[in-house]
Amino acid sequence: MTTFRPNSVGRPIKRREDPRLIRGLATYTDDVKLPGMTWAAFVRSDFAAGAVRSLDTTAAAAHPGVVGVYTYADMDGQVGATPIGVEIPGMPDHPLLANGRVLYVGHPVAVVIAESPYAARDAAAMVEVDIEPREAVVDVEAALAPGAPRVYEELESNVCLQIPAPNPEADKLFEQADQTLSIRLLNQRVAPFPMEGRAICAHWEEGPGKLTLWTSNQAPHSVKQQIAMCLGIPEIRIRAIAPEVGGGFGAKIPTYAEDALLCWVSRDLKRPVKWSETRTENLLGMTHGRGHVEKIDVAFQNDGRVLALKGQTIADIGAFRSFFGPFIALSTHTMSCGCYDIKAVAWETSSVFTNTMATEAYRGAGRPEAAYIIERVMDEVAAVTGLDPVAVRRRNFISKDAFPHTTPAGATYDTGDYEKSLDRLVELAGYDEARAAQSSAREEGRLVGIGLATFTEVCGLGPSTGATPQQRMGTWESATVRVEPTGNVTVYTGVSPHGQGQETVFAQMVSDAFGVGLDDVVVVHGDTDQVQHGVGTFGSRGIAVGGAALDMALVKVHAKATRIAAHHLDAPVDQIDYGDGEFTVTGTDRKLTFRQVAEMAHLWNVNVPGEEPGLEAVARFEPSATTYPFGAHLCQVEIDPESGQIEIQRYVAVDDFGEVLNPMLADGQRLGGLVQGIGQAMWEEVQYDEGGQLLSGTLMDYAVPRAKHFPRMELDNTVTPTPINPLGAKGIGELGTIGATPCIVNAIVDALRPLGITNIDMPAKPERVWQAIQAAGAAQ
Amino acid sequence: MPDTVPVTVTVNGSTHERDVEPRTLLVHFLREELDLTGAHVGCESTLCGACTVHLNGRAVKSCTVLAVQADGQEVTTIEGLAASADELHPLQAGFWEKHGLQCGYCTPGMIMAAKQLLDDNPNPSEAEIREAIDGNICRCTGYQQIVDAVQHAADTAGAA
């Protein structure tokens with residue numbers, strides 16, 4: 001737990017963020033209003049691949065209210081390419097607007113700026129775009145085939161990045177193993193679908209020569225840096241603000257072309273420009289997630305022991321390199337062993353271009369794909385060997401005494417106790433009784449299935465020195481603690497929360513450190529003019545890295561306060577006791593409150609030798625390594641054989657994410673993640689037709705989970721702290737999406753296994769399940 | 001500029017007269033003309049519920065109601081839900097108490113939809129709550145704590 005004695009930390013404190021949100025008084029980007037505001041509307045390609053023959057903006061420019069229409073020709077030579085997080089030599093840049101060619105449906109080709117949003121959209125419809133279509137490549141495996149159409153004609157193939165990781169040891173184990181099996185798994189492309197889509201308000205002020213950009217983003221410091229590099233504006237003249245942000249899920253890590261473009265437009269027009277994407281634009285043009293084909297071979301013994309894996313990940317990265325896009329799939333290999341003591345792993349990862357929207361991190365970012373693989377594998381090994389899925393997992397678990405544990409895939413797990421979470425799950429879910437009830441149901445001909453997932457994942461990436469030299473982002477985090485003369489405390493954090501609740505949890509930490517009330521603390525984030533350089537919120541790093549930085553800053557301030565108190569109390573520092581906001585000379589009643597010390601630090605009417613006036617510290621936490629939370633999930637489903645409809649009857653999750661700073665907020669992270677994961681397993685799918693037209697471009701066609709789809713989830717947790725940070729907290733934001741997909745699909749396959757069905761691809765829509773049942777019936 | 005028509009709409013008890021384009025959506029009227037930005041645009045197609053407000057006491061998706069359709073009518077938004085500026089409506093209190101929100105973008109619409117439920121059915125079951133918010137999407141919470149929030153509001157309103 002934290003460095004300071006927990007009083008507020010560990011309790012289910014209501015959020016400090018909520019009063020403005022529940023009263024409709026929060027400021028999201030679209031709520032920003034400025035004098036002279038203009039609105040942008042984009043003209044986007046209707047073709048997945050083609051050459052722009054002509055672009056006529058005359059009618060649009062003449063439309064009443066229009067103040068500007070821009071194509072790439074207007075900015076050519078003045079702007080850089082769409083920002084990326086990691087360079088790959090030899091790969092084409094992606095211009096801010098289509099430069100002569102379009103690469104996917106939704107590719108922006110022009111932007112119209114007008115005095116009202118309605119006028120901008122009217123005029124955008126008047127831009128005449130003549131595109132000579134050419135053959136698109138949409139399916140990622142087809143994109144790898146010899147002779148496939150190429151997304152970039154100047155490249156020799158559609159492969160953007162290919163990382164082979166052969167392993168002779170794996171070959172040997174495959175020869176020695178009792179049995180092998182092969183499985184092909186799809187991890188379909190999904191839409192992150194934050195409730196607030198992308199929204200931008202760019203404001204160039206000619207007087208001070210300053211650009212202010214409000215953008216719905218998870219990493220505003222990165223945005224500032226990237227805009228500076230893309231537009232050649234000195235970084236010190238850019239202020240990026242992520243105000244209230246309506247969800248991100250990874251898709252708001254990138255600095256988008258639209259961000260840079262509208263900054264350039266604002267500077268050109270010398271007026272503020274605002275844009276909020278429509279939901280269809282969001283589904284077309286916000287990065288997607290997942291999009292993997294996995295081909296897996298497994299070597300195992302008759303007793304269920306898994307010896308080795310050989311895997312091939314084919315990742316569809318879409319038409320261009322998004323910020324981290326081509327690299328997301330690498331963590332599928334890294335996390336391929338899950339929580340199992342597997343002896344050897346061989347893998348090949350290919351990140352492949354297709355004529356579709358780019359993919360990027362999405363809640364889990366490569367780890368859900370890994371968990372899906374290994375947890376589906378464990379169930380298939382159980383089925384082939386005739387062993388219970390619980391027994392197979394126990395047989396393969398890394399022992400709790402074996403940490404830190406380095407897997408053959410190269411991950412070093414900090415701590416873990418997988419038996420403990422599985423034991424608790426078995427007890428909580430009444431596993432044996434559930435299996436007995438399932439047997440009875442099967443005798444009645446009912447399709448009842450029980451699915452398990454016991455998984456580990458990786459959070460709080462670090463160290464920064466472990467990243468490739470081409471990566472344009474560190475993995476540390478910053479915090480400033482500024483004590484005001486009255487003892488109020490302002491925290492400036494480099495993380496950029498958008499629902500996770502750090503305004504509350506960080507205030508709890510400050511309260512414990514100084515004995516001040518939660519109302520005496522304000523947590524400032526998401527504004528690069530106020531907050532020292534930081535990294536942002538993604539990869540479950542808010543507490544594990546951002547909270548750790550705050551703890552360090554609190555320690556520094558507390559130490560200085562102690563020294564000031566000691567001087568004023570005329571006692572040596574080592575004789576000062578601290579508790580509940582008071583500094584007391586050991587064994588006496590001589591004391592100063594934290595508030596008194598704060599005032600003394602600022603008045604400075606008594607000099608404290610060796611100290612500067614004021615009470616403030618900045619700290620940066622560079623994680624020495626990553627943390628590995630884990631969990632054990634169970635779900636029970638029943639399938640209607642007549643319709644293929646799946647009813648989720650139970651979902652039980654026992655997670656272990658180390659120390660818990662606010663259990664109510666932790667539950668919220670877990671529940672939200674579970675529903676997103678179940679959404680992918682059962683309903684969600686970004687679909688393109690073979691010509692690259694998006695078929696899932698509205699909420700009529702893209703199935704986001706709704707409240708009535710779910711039973712009440714049952715949650716519990718075990719606590720295995722991490723030594724990687726002073727809080728002992730591992731990270732929590734992505735557990736749900738990582739555990740849920742294999743858990744659900746294992747339950748569905750378990751229900752259908754008596755029919756001879758051994759796999760159902762996600763999303764397990766009723767239609768797909770019904771067809772599998774029909775095919776199985778025909779085969780028998 | 002396009003032709004405009006006059007509308008008079010009573011919002012949260014105050015009457016506002018404006019000239020608007022006939023195609024102006026109620027949500028844009030509220031957000032742009034009246035600076036009431038609590039109702040959010042989430043899908044422009046009645047499917048996500050982020051823009052839910054009450055029109056003459058019934059929940060509507062304000063992204064598919066025209067401002068001219070609200071002419072002469074009464075609108076209540078999230079900003080006007082509580083009895084006064086320093087009070088919370090039991091639903092607002094419930095969402096705060098039970099952590100019924102994370103990013104907050106769906107929250108005003110979710111609360112206004114839940115108000116319709118509690119107006120019609122002051123003691124809903126969990127299944128009835130889940131059914132009642134079926135037209136409102138939340139991407140953050142997984143809904144369970146929203147269900148708890150609405151239940152909490154029903155319990156406290158019933159006790160009051």
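Biologist: How many residues does each chain bring to the contact between chain A and chain B?

Modeller: Two residues are in contact if their C-beta atoms, placed from the backbone, lie within 7 Å. Here 42 residues come from chain A and 42 residues from chain B. This is a predicted model, in which local features need pLDDT of at least 70 and side-chain atom pairs count only at pLDDT 80 or more, while totals for chains, interfaces and linings use all residues. Residues are numbered from 1 along each chain as its sequence is written, and chains are lettered from A and ligands numbered from 1 in the order in which they are written.

Biologist: Which element gives the largest share of the side of chain A that touches chain B?

Modeller: Helices (H or I, at least four residues) and strands (E, at least two) are DSSP runs, numbered from the N terminus. On the side of chain A that touches chain B, α1 (18-22) and α18 (663-682) of chain A each supply at least two residues. The largest share, 7 residues, is from α18(A).

Biologist: How many nonpolar, polar and charged residues does that side of chain A have?

Modeller: Ala, Val, Leu, Ile, Met, Phe, Trp, Tyr, Cys and Pro count as nonpolar, Asp, Glu, Lys and Arg as charged, and the others, Gly among them, as polar. The side of chain A that touches chain B has 21 nonpolar, 10 polar and 11 charged residues.

Biologist: What pattern does chain B follow along the sequence?

Modeller: Chain B has 5 helices and 5 strands, and they follow the pattern β-β-α-β-β-β-α-α-α-α.

Biologist: How does the radius of gyration of chain B agree with that of a compact globule, and what are the two values?

Modeller: The radius of gyration is taken over C-alpha atoms, and the globule rule is 2.2 Å times the number of residues to the power 0.38. For 160 residues a compact globule would have a radius of gyration near 15 Å, and chain B, with 16 Å, agrees. Along the principal axes, the C-alpha atoms of chain B fill a box of roughly 50 × 30 × 25 Å.

Biologist: Which domains does chain B have?

Modeller: Domain bounds come from an automatic or database domain assignment. For chain B the assignment gives domain 1 (5-80) and domain 2 (90-159). Their centres, taken over C-alpha atoms, are 21 Å apart. The contact between them takes 14 residues from domain 1 of chain B and 12 residues from domain 2 of chain B. On the domain 1 side, β3 (52-55) and β4 (58-61) of chain B give two or more residues each, and β3(B) gives the most, with 3 residues.

Biologist: How many bridges join β1 and β2 of chain B?

Modeller: Two strands pair if DSSP finds at least two bridges between them. Strand β1 (residues 5-11) and strand β2 (residues 14-20) of chain B run antiparallel and are joined by 7 bridges. B:Val9 stands opposite B:His16 in β2(B). The two strands form a hairpin with 2 residues between them, and B:Asn12 in the turn has a positive phi of about 50°.

Biologist: What order do the strands of the open sheet in chain A have?

Modeller: The open sheet has 3 strands in the order β22-β23-β24 (chain A), with antiparallel pairing. β22 (576-579) and β24 (591-593) of chain A are the edge strands, as each pairs on one side only. Between β22(A) and strand β23 (residues 582-585) of chain A there are 4 bridges, and A:Ile576 stands opposite A:Val585 in β23(A).
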